[in-house]
Amino acid sequence: AGGPIQSVANMVDQFHEGIQYRIFCGATDLNGEELEGIETGKWLKYNDYTQVWYADKDDISKTITTQTEKIKPDVLYIIGLFSWHFNTVPMIFGTAKKKILSVRGMLHPGALSQKQIKKHLFLDALKITGIQKKIIFHASDEAEGEYIKKEFGKQAKVEVASNFGKLVKRQKELNKEKGKIKLLSVALISPMKNHLAVIKALAHCTQQIEFNIFGPVKDFPYWQQCLQAIKSLPPNITVQYHGEISPNSVGAVLNLSHVFILPSKSENFGHAIFEALSAGKPVITSHNTPWNDLQKNEAGINTEPTESDLQNAISFFADMDNDTYRKYVSGTAEYIIKRNNYNKLRAQYKKMFSLQ
């Protein structure tokens, strides 16, 4: 189901000194299919410091309330904003010394523009409860902190801590021929990720371009629009959809591409973008992610997600020779080193989870 799950997985993997995690989550995948090979309705050992409860569909709210009363956690860390069972109920009824709500990009203007009437009605109802006075909000950066205060008021308590990213091992660099390029995206298929804009931009490109798409379909009508656009592409453009991919396989597909492309309307963090940069792949993305100043650092291009601007960005890399491309590969290494301060990140989480 995308970034929030990866954020939690990376946090558990990289920040656990003196911590015991209990993770309460659903037992189905994004498409509603039940997860295979797991037991529901009981705490299961994940590792020496983590247990996971995969909840049955029935009585989720009652179960989570009962479990928090029984466990009495020091910190109740709530991921997301718009789920009644997994967000609202623990926010209001969960038992804990400290409650933290991680909004995960859901208050970004781009995110709120999707189903905006329903979301604003929900937020208005939530504010009536006064819950914003009783919890701490987790923002992944200062900009998200401002979105939180805009929605919940200047008095809202906000802790800023970025997400833990997953570094991908670099492999042997691909040779880059002038006039040819292999593009890649790994993301949920939805309007938020702007796959359709990329496909429409490719229709105007004259170079030999291969575009590989990985990720589950979240919005089927939107994906149908993408498929129709793919059918009308010229013969110099090849687009292949490969379906879902496990997180452990992302590195392998990254190493078969030249450039990662994901011009999202908004990204709270953009784990796939982080992984692409760490693997030495220049990135084409929008200005609506934490990963800006890419061109200045020769690590990619930040562009408006319009057909013409995307076409220019794609053509820029497609026309690039191998020597210039390697400068951009080196640029990604320097960029991710500057942007990835793990000691600072751990200090932020230690402060946020502190009971003092």
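Start by selecting Glu267: with a relative accessible area of 13%, this residue is buried, because the cut-off for buried is under 20%. One thing to keep in mind as you click around is that this is a predicted model.

**Stop 1: around Glu267**

Glu267 sits in the loop that links strand 11 to helix 10. Which side chains make polar contacts with the side chain of Glu267? One is Lys193, at 2.7 Å. Another is Ser264, also listed at 2.7 Å. Now show the wider surroundings. Leaving out residues up to four places away in sequence, Glu267 touches Lys193, Leu262, Asn288, Thr289 and Pro290.

**Stop 2: helix 10**

Move along the chain to helix 10, residues 271-278. How many of the eight residues of helix 10 are buried? Eight of the eight are, so the helix is largely enclosed by the rest of the structure. Click through them and you'll meet His271, Ala272, Ile273, Phe274, Glu275, Ala276, Leu277 and Ser278. After helix 10 comes Gly280, and its phi is positive, near 85°.

**Stop 3: the six-stranded sheet**

Next, colour the strands in the order 10-9-8-11-12-13, and you have an open sheet of six strands with parallel pairing. Which strands are at the edges? Strand 10 (237-241) and strand 13 (300-302) are, since each pairs on one side only. Going from one strand to the next, the twist averages 20°.

A quick reminder while you look at the arrows: strands of a sheet pair through backbone hydrogen bonds, and they can do so in a parallel or an antiparallel way.

Zoom in on strand 11 (residues 259-262) and strand 12 (residues 283-285), which run parallel and are joined by three bridges. Select Phe260 and you'll find Val283 of strand 12 opposite. Helix 7 packs on this sheet, where it touches strand 8 (180-186), strand 9, strand 10 and strand 11. The direction of helix 7 makes about 165° with that of strand 9.

Now pick strand 8 and strand 9, a parallel pair with seven bridges. Click Ser185, and look for its bridge partner in strand 9, Ile213. Strand 8 is mostly covered, with five of its seven residues buried.

**Stop 4: Gln207**

Your next selection is Gln207, in the loop between helix 7 (195-202) and strand 9 (208-214). Is Gln207 buried or exposed? Its relative accessibility is 6%, so Gln207 counts as buried. Look for the polar contact of 3.4 Å between the side chains of Gln207 and Ser315. Setting aside neighbours within four places in sequence, the contacts of Gln207 are Gly179, Asn236, Ile237, Ser315, Ala318 and Asp319.

**Stop 5: two cysteines**

Select Cys205 and Cys226 together. Why is there no bond between the sulfurs of Cys205 and Cys226? The sulfur of Cys205 has its closest cysteine sulfur in Cys226, 16 Å away, and that is too far for a bond. A disulfide needs the two sulfur atoms within 2.5 Å. In fact, the structure holds zero disulfides. Cys205 counts as buried at 3% relative accessibility, and Cys226 counts as buried at 0%.

**Stop 6: the four-stranded sheet**

Swing over to another open sheet, this one of four strands in the order 4-5-6-7, with parallel pairing. Strand 4 and strand 7 (158-160) are its edge strands, each pairing on one side only. The twist here averages 25° from one strand to the next. Within this sheet, strand 5 (residues 98-102) and strand 6 (residues 136-139) pair in the parallel sense over three bridges. Try clicking Leu101, which stands opposite Phe137 in strand 6.

**Stop 7: helix 1**

Finish with helix 1, residues 3-14. Here's a sum to check with the distance tool: at 1.5 Å a residue, its 12 residues should span 16 Å, and the end C-alpha atoms are indeed 16 Å apart.

Which residues of helix 1 are buried? They are Gln6, Ser7, Val8, Asn10, Met11, Val12 and Gln14. It helps to know that an α-helix has 3.6 residues a turn, so residues three or four places apart point the same way. Now show what covers the buried residues of helix 1: the cover includes strand 1 (21-26), strand 2 (43-47), strand 3 (50-55), strand 4 (75-79), helix 10 and helix 13 (342-353). Helix 10, from your second stop, is part of that cover.

Methods: Residues numbered from 1 in each chain as written. Predicted model: local features only at pLDDT ≥ 70, side-chain atom pairs only at ≥ 80, totals over all residues. Heavy atoms only, no water. Helix = DSSP H or I, 4+ residues; strand = E, 2+ residues; numbered from the N terminus. Expected span 1.5 Å × (residues − 1). Buried < 20%, exposed > 50% of the residue type's maximum accessible area, 1.4 Å probe, protein only. Contact = heavy atoms within 4.5 Å. Polar contact = N/O pair within 3.5 Å; in protein donor to acceptor, adjacent residues only side chain to side chain. Pairing = 2+ DSSP bridges. Axes fitted to C-alpha atoms, helices over the stretch in contact; angles between N-to-C directions.
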